[in-house]
Amino acid sequence: MASSGEEESVPTAQESTETSASTKREERLRKFRELHFKRNEARKLNHQEVVEEDKRLKLPSNWEAKRARLEWEVADNEKKKECAERGEDYNRVKLMDITADDAERWARKKKKKNPDTGFAGYAEAQLRQYQRLTKQIKPDMQNYEKQREECGEDFHPTSNSLIHGTHVPGEDCIDRMVDDVEKQIEKRAKYSRRRAYNDDADIDYINERNAKFNKKAERFYGKYTAEIKQNLERGTAV
């Protein structure tokens, strides 16, 4: 009887196979649930990022600069209040936190009010020209009052005023315009001057347009084609 009981407690091959199959199924289900949870989490995070990106796109283009400016103003006001409570001069306290390099850079920036950053477009060039010309204007109050008396009500024209062609500029205005035009021509000549011709340079062009093209090609690809060019000149090119 004891031997028969021990034989009944020993699992059969079929039972062990079913047990391993159920274990594998439970393991797969657990992994599937984990993957499902990760997918939902990733979907939720992606949705949050899309919402945040949509909010950022709807904001003005200079929102970051405005926010930084507002934060700086809030911090600056807090420092002013702290200095006032301690009875200190805020300007002196502020200068203690500025390095010599920053102070020198700000001084140069203030001194150079209209820095020339080069040609960026015709609109920017026209604006710079307008600002330069308006800075040169020196108001003549006597001439202003004289023209005001001569024009009368037409000095401030309306839609019914007919004053086109009635204004005659004075000699001083004409001379000032001529001087300005001559200065522009002189400045333009410096930028459009022709390069000196080198008689000893190799002639590898057929006309002036081809020479300009070859110079551009040499400037961009010269270091890559130097060895090939030397081999062609020596006659050792493969």
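A salt bridge, as the term is used here, is a side-chain nitrogen of Lys or Arg within 4 Å of a carboxyl oxygen of Asp or Glu. Glu64 and Arg67 give a good first example, with N and O 2.8 Å apart in their side chains. The model you are looking at is predicted, and its chain has nine helices and zero strands. Below is a friendly tour of the overall build, the salt bridges and the largest pocket.

**Overall build**

- Following the sequence from start to end, you will meet the pattern α-α-α-α-α-α-α-α-α.
- The chain has 238 residues, and 4% of them count as buried.
- Its accessible surface comes to about 23500 Å², with 54% of that belonging to carbon and sulfur atoms.
- If you take the contacts between residues at least 6 apart in sequence, 18% of them join residues at least 24 apart.

**Salt bridges within helix α3**

- As background, side chains of opposite charge can pair when their charged atoms come close.
- The count of salt bridges comes to seven.
- Glu64 and Arg67, the pair from the opening, both belong to helix α3, which covers residues 63-86. They sit three residues apart, about one turn of the helix.
- Glu64 has a relative accessible area of 47%, so this residue is partly exposed. Arg67 is partly exposed too, at 36% relative accessibility.
- Helix α3 also holds Asp76 and Lys80, which are four residues apart, about one turn of the helix. These two form a salt bridge in which the closest N and O atoms are 3.7 Å apart.
- Is Asp76 buried or exposed? Asp76 counts as buried, because its relative accessibility of 10% falls under the 20% cut-off. Its partner Lys80 is partly exposed, with a relative accessible area of 39%.

**A bridge between helices, and a network**

- Asp180 pairs with Arg132 in a salt bridge, and their closest N and O atoms are 3.3 Å apart.
- Because Asp180 lies in helix α8 and Arg132 in helix α6, this pair ties together parts that are 48 residues apart in sequence.
- Asp180 counts as buried at 13% relative accessibility, while Arg132 counts as partly exposed at 28%.
- Elsewhere, Glu27, Arg30 and Glu34 are joined into one network by salt bridges that share partners.

**The largest pocket**

- For anyone thinking about volumes, the largest pocket comes to about 1100 Å³.
- Its lining is made up of 27 residues. Those that lie nearest the centre of the pocket are Asn143, Gln147, His167, Cys173 and Arg176.
- Which helices each supply at least two residues of the lining? They are α6 (122-136), α7 (141-151) and α8 (171-191).
- Helix α7 provides the largest share of this lining, with seven residues.
- By residue class, the lining divides into twelve nonpolar, six polar and nine charged residues.
- Helices α6 and α8 thus appear under two topics: they supply lining residues of the largest pocket, and they hold the two partners Arg132 and Asp180.

Technical notes: Residues are numbered from 1 along each chain as its sequence is written. This is a predicted model: local features need pLDDT of at least 70, side-chain atom pairs count only at pLDDT 80 or more; totals for chains, interfaces and linings use all residues. Side-chain values use heavy atoms; hydrogens and water are left out. On a 1 Å grid over the protein atoms alone, a cavity is a set of points where a 1.4 Å probe fits but cannot get out, and a pocket is an open set with protein on both sides within 12 Å along at least five of seven lines; lining residues have an atom within 4 Å of a point. Grid points are joined across faces, edges and corners, and a volume is the space filled by probe spheres set on the points. Ala, Val, Leu, Ile, Met, Phe, Trp, Tyr, Cys and Pro count as nonpolar, Asp, Glu, Lys and Arg as charged, and the others, Gly among them, as polar. Buried means under 20% relative accessible area, exposed over 50%, partly exposed in between (1.4 Å probe, protein chains only). Contact means heavy atoms within 4.5 Å. Accessible areas come from the Shrake-Rupley method with a 1.4 Å probe; for residues, only the protein chains shown count as cover.
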